[in-house]
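User: I'm new to this one and would like a close look at a single part of it, with enough of the whole chain to place that part. Could you walk me through it?

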Amino acid sequence: MAKISYYTEEGLNKLRNELNDMKTKGRTEIAKQIAEARDKGDLSENAEYDAAKDAQGMHEMKIAKLEEIMSNARVIDESSIDTSQVAVLSKVKIKNRKNGMEVTYTLVSEEEADLKSGKISVGSPIGKGLLGKKVGDTTEIKVPAGLMEFEVLDISRFSE
């Protein structure tokens, strides 16, 4: 059973563009490397040729993985996001109960996660721990640094 992933329109377009680049520019570049290595003579002792063929295999594997992700990708209609509880593409303001620090995250698919822009994966420990919570709920989440307790302060749509 394939795993369905939910994306913003922007995130899905980014994936689409990356796949297109890999299929066009990426394949062309690798073909050029293979041709240059082939021109250097005996293929049985040509490390450059072997490396270029390995790179081609890895590149094709990445393309296949991206195509699989795209085939199971769904764009979430923002108006359908239920803000009464934390879900995919929810923007969640949480408070660390220990130090009082407040932070806002948007829960996104693993491929869209970008901590610098406040987007965390629904598959991350914090993402998993927040799913289904409502405003006012507290949750203990096991993270690499230990056990942390958060309070959900606000839930909104990701573009708000």
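Analyst: Here is a short tour of the whole chain, followed by a closer look at one serine and then one aspartate.

A bit of housekeeping: this is a predicted model, where local features need pLDDT of at least 70, side-chain atom pairs count only at pLDDT 80 or more, and totals for chains, interfaces and linings use all residues. Residues are numbered from 1 along each chain as its sequence is written, and side-chain values use heavy atoms, with hydrogens and water left out.

The chain has 3 helices and 7 strands (DSSP runs numbered from the N terminus: H or I of at least four residues for helices, E of at least two for strands). Starting at the N terminus, the order is β-α-α-β-β-β-β-α-β-β. The radius of gyration, taken over C-alpha atoms, is 22 Å, well over the 15 Å that the globule rule gives for 160 residues, so the chain is more spread out than a compact globule. That rule is 2.2 Å times the number of residues to the power 0.38. Along its principal axes, the C-alpha trace spans about 70 × 35 × 30 Å. Of the 160 residues, 32% count as buried, meaning under 20% relative accessible area with a 1.4 Å probe and protein chains only; exposed means over 50%, and partly exposed is in between.

Now for the close look. Ser90 is found in strand β3, which covers residues 90-96. Ser90 counts as buried because its relative accessibility is 0%. What surrounds Ser90, leaving aside its neighbours within four places in sequence? Ser90 is in contact with Ile81, Gln85, Tyr105, Thr106, Leu107, Ile155 and Ser156, where contact means heavy atoms within 4.5 Å. The side chain of Ser90 also has a polar atom 2.8 Å from the backbone nitrogen of Ala87.

For contrast, take Asp39, in the loop between α1 (9-38) and α2 (47-71). Asp39 counts as exposed because its relative accessibility is 67%. The C-alpha atoms of Asp39 and Asp77 are separated by 52 Å, and the two residues are 38 apart along the chain.

UniProt, in an unreviewed entry, places the feature "domain: Transcription elongation factor GreA/GreB N-terminal" at residues 6-75. Its positions are given in the numbering used here, feature names are shortened, and annotations may be inferred rather than shown by experiment. In the model, residues 6-75 are 79% helix and 7% strand, and the end C-alpha atoms of that span lie 6 Å apart.

Notes:
Polar contact = N/O pair within 3.5 Å; in protein donor to acceptor, adjacent residues only side chain to side chain.
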